[in-house]
Each structure stands twice: as C-alpha cells, then as structure tokens.
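Got your viewer open? Let's take a short walk through this fold, one selection at a time.

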Amino acid sequence: MLKHSGALLLIFISLSVFGQQKIDNVRTENHVYIKGTKIYLIPPKGFTVGQNFLGLQQNESGSSIMLLDIPGPYSETSAGLNAENLLGSGVEVSNIEQLTFNGLPAMLITGKQHAYGNSYTKYILVFGDESETIMINGVSPESMKKIGAKIKESMLSAVYDAGMKLDPFAALDYTIDVSETKLKFAGSMSNSLIFTVDGKIPTASKDKTNLIVTKSFNTVTPEDKKLFCINRIKKTPVDIQNIEYVNEITVDGINGYEIYAKAKSKNAEETENIYQVILFSDNLYYILISTTNDETVQSVEEAKNAIHTFKRK
C-alpha cells in the first residue's frame, strides 16, 4: 500500500515534453502561509483556507488548490508518473511542461477530469529533491476559464521553505496512539498519518505491517454505509480473497464499520491480512486501515488496539 508509484500516485502522469521554463519566486507580503505545509502561495481572490484539506478553496465555484507532501525523492516520484495511471482515474492530459522551479526539477501538468457529471480543468505542479516531493493540485470547473487561470497563477507563485520544521500532527483534527504497538511514525501526507514497523516509507522491514489513518476531504452521504465500507476495502491494491467479518463499531463516539479480510499481494503470493475501520462524522469519514504479512493474530490485534485510541481534537 505504500509504494510511491502505486496507490498514492494514481492521479499524476507524463506525456509530451515542452521547452524547459525556469521560475524563481521570492516571498512577498501577498504570500500566505498554507498551514501544515512548507509552502507560501499568493491566493486567488475569493479563496479561503481549505476546510478538510491542506490548501485553499472557493465554495461558490467548487474550485480548490490542494497541497500534498510525499516523503519520497522527486526522482522516484516523477519516474512513476505515467499516462495510463492518470487516464485510469478519469483524467485526460493535454500537456506537460518540464520546469526548474525555485532551483528544483519540476513538472506542470495540465488536464481535464470528469467527476459527478461535470468537467474540471486540472493543474498539477510537482517538484522536489531527494528527501521529499511537493505536489500542488489545482481544480476548477472547465467552463470557468478565468478562475482556472488564476489557480494556475497562484500555484506558480509558490515559495517552498525546505528547511521548515513541521509538526505533522498539528494540522490534524485527530490523534492516535501507537505507543503500545510495534509501529513507528513514518510520515504524513495532507490529512493522513502513516505508520510502519521501521518508521520508513517504503518499509525496509521484512515485517510489512502498517497503519494508515486519513480523513476524507469530500462530503459523503452513502445510503448504505456498510456497503460503502465493503466497496472501500475492495479498492485496496491487493487481491481480496475473503472477507472474514463486517461489524458495526463505535470509536470516540463515532459510528462506523470494522472489516477484517484475507488477501494476496498482487506482486507476490504473500498473504495479507487487512483490518479496516471507517467512522462516519458530519458527512465526512475517517478511515483507519492496517495491512500486514504477519500470519499470526498479533499484528492485527495491535492495530485494533491502536485504532481504538483514535480521538478527535
């Protein structure tokens, strides 16, 4: 689940390459710090702080600028960007530019995406070094060309403070305690926390046990929440062999469902045990999911115990 070019990067691509452009930005009084990131932007007029994600949004138009910090080298991330993955997620790319952005290698991807019966213009700015990759994702209705242009302008105004020290837990509205497990904090991305046995992404340990905790940034109101949870676990990048049980659960006063399933790795015959909890709150949901190649019950039980410490701030 933690391979950079796999499930985490299904929304990015590379197609044709254009002449390389060099962009060097200097922070000005018009730049606004995006809480929880290392980025300053000049926001488009009428945009406010993202309600459920790191970035900016405009409610009236349904437009947004979302920031994602991937704890992996740009060289690996950019190598995994391909047209097939993006097209598979419903995005059609019109062009891609290779940039030098504030002294770093970068890509600016332009495309179109269909969602909820509407068409959206999509801009993706990707840059970084050998320690981390920054992705800025801008979306606006395709019919609103002026807003799309302002979003692109804002994205290209970014100033990246590589030396900034972040508290990965400060921007989140929840906490979780893994101190009684073998898991260690490995990294954070947007509204997500990632834990592995050795605290690395991807893990170098033979024990592939991990735990990912994240909060949705789109509102969801499924009529059948149980079915929603079952469909969600089927989207994990493994071959689900059997769902052992589906139970109602309550954690921190939030209702949801827990699911335990047996699976096989798609790249090997290794057995995977998956424990997933989805908690529904205020038309959003929290998903806590652990996968492990440990065939004993210990790793799953540890994940369960950690998940039961989940609390909203």
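Start by selecting Thr133, which counts as buried because its relative accessibility is 0%, where the cut-off for buried is under 20%. Keep in mind as you look around that this is a predicted model. Thr133 belongs to strand β10, which runs over residues 133-141. Now show side chains: that of Thr133 makes a polar contact with the side chain of Thr77, at 3.2 Å. Which other residues does Thr133 touch, leaving aside those up to four places away in sequence? Among them are Leu68, Asp69, Ile70, Gly72, Pro73 and Tyr74, along with Val126, Phe127 and Gly128.

Next stop: helix α3. Select residues 145-155 and colour Gly148, Ile151, Ser154 and Met155, which are buried. These four sit on the same side of α3, because the arc they cover around the axis is only 120 degrees. The general rule behind such patterns is that an α-helix has 3.6 residues a turn, so residues three or four places apart point the same way. Turn the helix over, and the face away from the buried side of α3 shows the exposed residues Lys145, Lys146 and Glu153. What covers the buried residues of α3? Look for β3 (39-41), β6 (63-70), β7 (91-101), β9 and your earlier stop, β10, which are included in that cover.

Now for the largest nonpolar core, a set of 28 residues. Ile194, Cys229, Ile274 and Ile278 have the most contacts inside this core. Strands β8 (104-115), β9 (118-128), β13 (184-189), β17 (254-265), β18 (271-281) and β19 (284-292), plus helix α4 (225-233), each supply at least two of its residues. The most comes from β17, with 4 residues. Zoom in on Ile274: beyond four places in sequence, its contacts include Ile233, Val238, Ile240, Ile259, Ala261 and Ile289.

Finish with the aromatic rings. A search of the whole structure finds 13 aromatic pairs. One of them to select is Tyr174 with Tyr286, an edge-to-face pair with 5.9 Å centre to centre and 85 degrees between the planes. Because Tyr174 is in strand β12 (residues 174-175) and Tyr286 in strand β19, this pair ties together parts that are 112 residues apart in sequence. Are these two rings' residues buried or exposed? Tyr174 is buried at 1% relative accessibility, and Tyr286 is buried too, with a relative accessible area of 4%. For a last selection, pick Phe101, Phe127 and Tyr160, which form one aromatic cluster. You have already met Phe127, as one of the residues that Thr133 touches.

Terms used. Residues are numbered from 1 along each chain as its sequence is written. This is a predicted model: local features need pLDDT of at least 70, side-chain atom pairs count only at pLDDT 80 or more; totals for chains, interfaces and linings use all residues. Side-chain values use heavy atoms; hydrogens and water are left out. Buried means under 20% relative accessible area, exposed over 50%, partly exposed in between (1.4 Å probe, protein chains only). A polar contact is a pair of N or O atoms within 3.5 Å; within protein, one must be able to donate a hydrogen and the other to accept it, and residues adjacent in sequence count only if both atoms are side-chain atoms. Contact means heavy atoms within 4.5 Å. A nonpolar core is a set of buried Ala, Val, Leu, Ile, Met, Phe, Trp, Tyr and Cys residues joined through side-chain atoms within 4.5 Å. The arc is that of the directions from the helix axis to the C-beta atoms. Rings of Phe, Tyr and Trp (its six-membered ring) pair if their centres lie within 6.5 Å; planes under 30 degrees apart count as stacked, over 60 as edge-to-face and the rest as tilted.
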